[in-house]
Amino acid sequence: MTIKVDQNKCIGCGRCTEICPDTFKLSTAGKSEVIGQNKDCAMKAADQCPVEAIFVDE
Ligand code: SF4
């Protein structure tokens, strides 16, 4: 299982980091980076990402 954020799509809105602070963190570049592997939460965040930049693979 892999959680990924497309760095080219991410606009750094911070929604995923609010929903899953244990799994996403805004980098110094203002993009979301993956810091954990909470799949259930990541899928919720993927649904809420305005630019569909989050991918969760089985
Ligand atoms: S919700 Fe999407 S656009 Fe917003 S910070 Fe997370 S990955 Fe980036």
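A residue counts as partly exposed when its relative accessible area lies between the limits for buried, under 20%, and exposed, over 50%. Glu33 has a relative accessible area of 33%, and therefore falls in the partly exposed class. The model in which this residue sits is a predicted one.

Glu33 is a good place to begin, since its side chain takes part in a salt bridge with Lys25. The closest N and O atoms of the pair are 3.8 Å apart, and the pair qualifies because the cut-off for a salt bridge is 4 Å. Side chains of opposite charge can pair when their charged atoms come close. Lys25, like its partner, is partly exposed: the relative accessibility of Lys25 is 44%, and that of Glu33 is 33%. A search of the whole structure finds one salt bridge.

From Lys25 the path leads to the start of the chain. Met1 is 24 residues from Lys25 in sequence, and the two C-alpha atoms are 19 Å apart in space. Met1 belongs to the segment before strand E1, which covers residues 2-5. With a relative accessibility of 43%, Met1 is partly exposed.

The next part is the cavity and the ligand. How many cavities of 30 Å³ or more does a search of the whole structure find? The search finds one. About 100 Å³ of space lies in the largest cavity. Its lining is made up of 17 residues, and those closest to the centre are Cys10, Cys13, Cys16, Cys49 and Ile54. By class, the lining holds 12 nonpolar residues, four polar ones and one charged residue. Helix H1 (15-19) and helix H2 each supply at least two of the lining residues. The most comes from H1, which gives three.

The ligand sits in this largest cavity. Around the ligand are 13 residues, of which Cys10, Cys13, Gly14, Cys16 and Cys49 are the closest. The shell around the ligand divides into nine nonpolar residues, three polar and one charged. Cys10 is named among the closest residues to the ligand and also among the closest to the centre of the cavity.

Cys10 lies in the loop between E1 and H1. Is Cys10 buried or exposed? The relative accessibility of Cys10 is 10%, and the limit for buried is under 20%, so Cys10 counts as buried.

Cys10 also leads to a second loop. Val51 is 41 residues from Cys10 in sequence, yet the two are 6.7 Å apart in space, C-alpha to C-alpha. Val51 is placed in the loop between H2 and E4. Its relative accessibility of 26% makes Val51 partly exposed. Val51 and Thr2 are 49 residues apart in sequence, and their C-alpha atoms are 19 Å apart.

Glu52 occupies the loop between helix H2 (39-48) and strand E4 (54-57). Glu52 is exposed, because its relative accessible area of 56% is over 50%. The backbone of Glu52 deserves a look as well. Most residues other than glycine have a negative phi. In Glu52, phi is positive, near 50°, and the residue is not a glycine. Glu52 is separated from Asp22 by 30 residues in sequence and by 19 Å in space, C-alpha to C-alpha.

To recap, the ligand sits in the largest cavity, and Cys10 is one of the closest residues to the ligand. The loop between H2 and E4 holds Val51 and Glu52. Val51 is partly exposed, whereas Glu52 is exposed. The salt bridge joins Lys25 to Glu33.

Definitions and conventions: Residues numbered from 1 in each chain as written. Predicted model: local features only at pLDDT ≥ 70, side-chain atom pairs only at ≥ 80, totals over all residues. Heavy atoms only, no water. Near = heavy atom within 4 Å. 1 Å grid on protein atoms, 1.4 Å probe; cavity = no way out; pocket = protein on both sides within 12 Å on 5 of 7 lines; lining within 4 Å. Sits in = over half its atoms within 2 Å of the grid points. Nonpolar A, V, L, I, M, F, W, Y, C, P; charged D, E, K, R; others polar. Helix = DSSP H or I, 4+ residues; strand = E, 2+ residues; numbered from the N terminus. Buried < 20%, exposed > 50% of the residue type's maximum accessible area, 1.4 Å probe, protein only. Points joined across faces, edges and corners; volume = space filled by probe spheres on them.
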